[in-house]
Amino acid sequence: MGSVRERGAGASAAHADDRDRRGRRLRGVSRAVGDRAEDHAARFLRQRGLTLVDRNVTLRTGELDLVMTDGDTLVFVEVRLRREGSLVAAEESVSAAKRRRLARAAGGYLARHADLADRPARFDVVAIQERGDNNVITWIQDAFAPDGSW
């Protein structure tokens, strides 16, 4: 499992009363802030050679933030943003239940995209921790197994 940390601007916080695609009020980070964090994570990963395949995929089994390729490997990326002063670091906020949902969503995605099902796959986490005007970005490659375990 690899990890890359970088400091830099991006994914700034904005407070807004927003709702998700199902009309539910978002808790904490608004959809617009989440979209900016995903934009920043996608740009960060593209600069490191990954290619964007899909984003914000909503399936009955869950949601995938980013789907990318790293060479022949299909990469399902969970993007996490935490504001300065959060009690839990962004990368620590991916619970066991969330990991299981991501694995189920990836299975659903592969069922819809049979052409990608034969590729090796992994789950990465891009954690963005706000630090004033700069953010700390942590990229955890191969962050967990398909069964949701670390």
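In this predicted model, D142 has a relative accessibility of 43% and therefore counts as partly exposed, since that class lies between the buried limit of 20% and the exposed limit of 50%. D142 is found in strand β6, and its backbone has a noteworthy feature: phi is positive, at about 55°, although D142 is not a glycine. A second residue can be set beside it. N56 also is not a glycine, and its phi is a positive value near 50°. N56 is found in strand β2, where a relative accessibility of 17% makes it count as buried.

The strand that holds D142 leads on to its surroundings. Eight of the 11 residues of β6 are buried, so this strand is largely enclosed by the rest of the structure. Its partner is β5, and the two pair in the antiparallel sense over eight bridges. Within this pairing, F123 stands opposite F144 in β6. The two strands form a hairpin with two residues between them. In the turn, G132 has a positive phi of about 65°.

A hairpin is also formed by β2 and β3, again with two residues between the strands. Seven bridges join β2 to β3, and these strands run antiparallel. One of the partnerships can be followed by eye: T58 has E63 in β3 as its bridge partner.

With these hairpins in place, the overall plan can be read. The protein contains two helices and six strands, and along the sequence they follow the pattern β-α-β-β-β-α-β-β. Of its 150 residues, 43% count as buried. Among contacts with a separation of 6 or more, 58% are made by residues 24 or more positions apart.

Which residues touch the most other members of the largest nonpolar core? In this core of 18 residues, they are L64, V67, F76 and Y109. Two or more residues are given to the core by each of β2 (51-59), β3 (62-70), β4 (73-82), α2 (96-112), β5 (121-131) and β6 (134-144). The largest share, five residues, comes from α2. L64 offers a good place to look at the packing in detail. Leaving aside residues up to four places away in sequence, L64 touches R55, N56, V57, L59, F76, L102, A105, A106 and Y109. The residue N56, described above for its positive phi, is thus among the neighbours of L64. A second, separate core has 17 residues, and V33, A42, L45 and V79 are included in it.

The aromatic rings add another layer to the picture. A pair of rings is described by the distance of the centres and the angle of the planes. The count comes to four aromatic pairs. In one of them, the rings of F44 and W139 have centres 6.3 Å apart and planes at 85°, so the arrangement is edge-to-face. This pair links distant parts of the chain, with F44 in helix α1 (residues 31-46) and W139 in strand β6, 95 residues apart. Are these two residues buried or exposed? F44 counts as buried at 2% relative accessibility, and W139 is buried with a relative accessible area of 5%.

F76 and Y109 form another edge-to-face pair, with 6.0 Å from centre to centre and 85° between the planes. Here too, distant parts of the chain are linked: F76 lies in strand β4 and Y109 in helix α2, 33 residues apart. F76 counts as buried at 3% relative accessibility, and Y109 is buried with a relative accessible area of 1%. Both residues also belong to one aromatic cluster, formed by F76, Y109, F123 and F144. The cluster thereby brings in F123 and F144, the residues seen opposite each other in the pairing of β5 and β6.

Returning to F44, its ring has a charged neighbour as well. R48 lies over the face of F44, at 3.7 Å from the ring centre. The helix that carries F44, α1, has 16 residues and reaches 22 Å from its first C-alpha to its last, close to the 22 Å expected at 1.5 Å a residue. The buried residues of α1 are R31, V33, G34, A37, E38, H40, A41, A42, F44 and L45. In an α-helix there are 3.6 residues a turn, so residues three or four places apart point the same way.

Notes:
Residues numbered from 1 in each chain as written. Predicted model: local features only at pLDDT ≥ 70, side-chain atom pairs only at ≥ 80, totals over all residues. Heavy atoms only, no water. Core = buried A, V, L, I, M, F, W, Y, C linked by side-chain atoms within 4.5 Å. Buried < 20%, exposed > 50% of the residue type's maximum accessible area, 1.4 Å probe, protein only. Helix = DSSP H or I, 4+ residues; strand = E, 2+ residues; numbered from the N terminus. Contact = heavy atoms within 4.5 Å. Phe/Tyr/Trp six-rings, centres within 6.5 Å; stacked < 30°, edge-to-face > 60°. Lys NZ or Arg CZ within 6 Å of the ring centre and 35° of its normal. Expected span 1.5 Å × (residues − 1). Pairing = 2+ DSSP bridges.
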